[in-house]
Amino acid sequence: MKYLLIFLAVVMLVALGLLALSFYSARVPEGLGVNEDGLADCPDRDNCVASEASAPGRRVPPIEAVGPENEVMGRLSSAVLELGGEIVERQGPYLRAVFTSPLWRFRDDLECLYRPAEGRIEIRSASRVGYSDFGVNRRRVETLREALARP
C-alpha cells in the first residue's frame, strides 16, 4: 500500500509538471520573425532545427523552391495546413505557423522565409519548451520538404 501511494504521488507530480510546461508553452517566444540576417538562430537546445543554424547538428538544408512569391507561398501555406499547422502570420515571403501536440498541447513554431533570388525557402522549426523534442521538428521539416516536392 505504501508503494502504491508513492507511485501515485510520483505520477501526480509528473502530470502536474507536464501541465505546467504545456501552460508555459502558450507564450510566444521573443525573437521570432525576420531580422537582418534572416531567421533567428537555434538556441543551445536539441529542440530546434534551422537551415541557417550556426550549430551543424541543428542545421537542415533549405527547401528548394522556384516561382512567383504568391505561388510558392500559397503552396507552402497549403502544405503547412495539410500537416496540421495553424498559420498565424503570413507577410510577403515570410510565414509563421504553430503546431500543437494533441495530448499535452505543447506548441512548436515553424518559420519559413522564401528567397526567390536563391531559389530556396529558409526554414526554422523549434519547440517552445523543453530541451529535446525527440526529433519532432526535424521530421516536420522533412515531411514539409516532401510535401512541397510533390507535383
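In this protein, buried residues make up 36% of the 151 residues, and the model from which this value was computed is a predicted one. The exercises below go from the whole chain to single residues.

**Exercise 1. Describe the order of the helices and strands, and state how the contacts are spread along the sequence.**

Solution. Begin by counting the elements: the protein has three helices and eight strands. Then read them from the N terminus, which gives the order α-β-β-β-β-α-β-β-β-β-α. For the contacts, take those between residues at least 6 apart in sequence; of these, 54% join residues at least 24 apart. Finally, turn to the outside, where the accessible surface comes to about 9100 Å², with 60% of it belonging to carbon and sulfur atoms.

**Exercise 2. Find which elements supply the largest nonpolar core, and follow the contacts of Ile123.**

Solution. As a starting point, recall that nonpolar side chains in soluble globular proteins tend to be buried together. The largest nonpolar core here has 21 residues, and Leu76, Val80, Leu110, Cys112, Ile121, Ile123 and Leu144 are those with the most contacts inside it. At least two residues of this core come from each of helix 2 (69–82), strand 6 (94–100), strand 7 (107–115), strand 8 and helix 3. Helix 2 gives the largest share, namely five residues.

Next, look at Ile123 and leave aside its neighbours within four places in sequence: among the residues it contacts are Leu39, Val49, Val60, Ile63, Leu110, Cys112, Val141 and Leu144. There is also a second, separate core, which has five residues, including Cys42, Cys48, Ala53 and Ala126.

**Exercise 3. Check the length of helix 2, and work out which side of helix 2 is buried.**

Solution. The length comes first: at 1.5 Å a residue, the 14 residues of helix 2 should span 20 Å, and the end C-alpha atoms are 20 Å apart, so the two values agree. The buried residues of helix 2 are then listed as Val72, Met73, Leu76, Ser77, Ala79 and Val80. These residues lie on the same side of helix 2, because they cover an arc of only 165 degrees around the axis. On the other side of helix 2, Asn70, Glu71 and Glu82 are exposed.

The last step asks what covers the buried residues of helix 2, and the cover includes strand 5 (86–91), strand 6, strand 7, strand 8 and helix 3. Following helix 2 in the chain is Gly84, which has a positive phi, near 100 degrees.

**Exercise 4. Carry out the analysis of sides for helix 3, and name the elements against which its buried residues pack.**

Solution. Asn137, Arg140, Val141, Leu144, Arg145, Ala147 and Leu148 are the buried residues of helix 3. Their arc around the axis is only 165 degrees, which means that they are on the same side of helix 3. Glu146 and Ala149, on the other side of helix 3, are exposed. The buried residues of helix 3 pack against strand 3, strand 4, helix 2, strand 6, strand 7 and strand 8.

**Exercise 5. Decide whether Asp108 and Ser51 are buried or exposed, and list the polar contacts of their side chains.**

Solution. Asp108 lies in strand 7, and since its relative accessibility is 9%, Asp108 counts as buried. The side chain of Asp108 is joined by a polar contact of 3.1 Å to that of Ser127, and by one of 3.2 Å to that of Arg140.

Ser51 lies in the loop between strand 3 (48–50) and strand 4 (63–64). Its relative accessibility is 10%, and therefore Ser51 counts as buried. The side chain of Ser51 makes a polar contact of 2.5 Å with the side chain of Glu122.

**Exercise 6. Describe where Phe134 lies, and state what is notable about its phi.**

Solution. First locate Phe134, which is found in the loop between strand 8 (120–127) and helix 3 (136–149). Phe134 counts as exposed, because its relative accessibility is 71% and the cut-off for exposed is over 50%. Lastly, consider the backbone: although Phe134 is not a glycine, it has a positive phi of about 60 degrees.

Note on methods: Residues are numbered from 1 along each chain as its sequence is written. This is a predicted model: local features need pLDDT of at least 70, side-chain atom pairs count only at pLDDT 80 or more; totals for chains, interfaces and linings use all residues. Side-chain values use heavy atoms; hydrogens and water are left out. Helices (H or I, at least four residues) and strands (E, at least two) are DSSP runs, numbered from the N terminus. Buried means under 20% relative accessible area, exposed over 50%, partly exposed in between (1.4 Å probe, protein chains only). Contact means heavy atoms within 4.5 Å. Accessible areas come from the Shrake-Rupley method with a 1.4 Å probe; for residues, only the protein chains shown count as cover. A nonpolar core is a set of buried Ala, Val, Leu, Ile, Met, Phe, Trp, Tyr and Cys residues joined through side-chain atoms within 4.5 Å. The expected span of a helix is 1.5 Å times one less than its number of residues. The arc is that of the directions from the helix axis to the C-beta atoms. A polar contact is a pair of N or O atoms within 3.5 Å; within protein, one must be able to donate a hydrogen and the other to accept it, and residues adjacent in sequence count only if both atoms are side-chain atoms.
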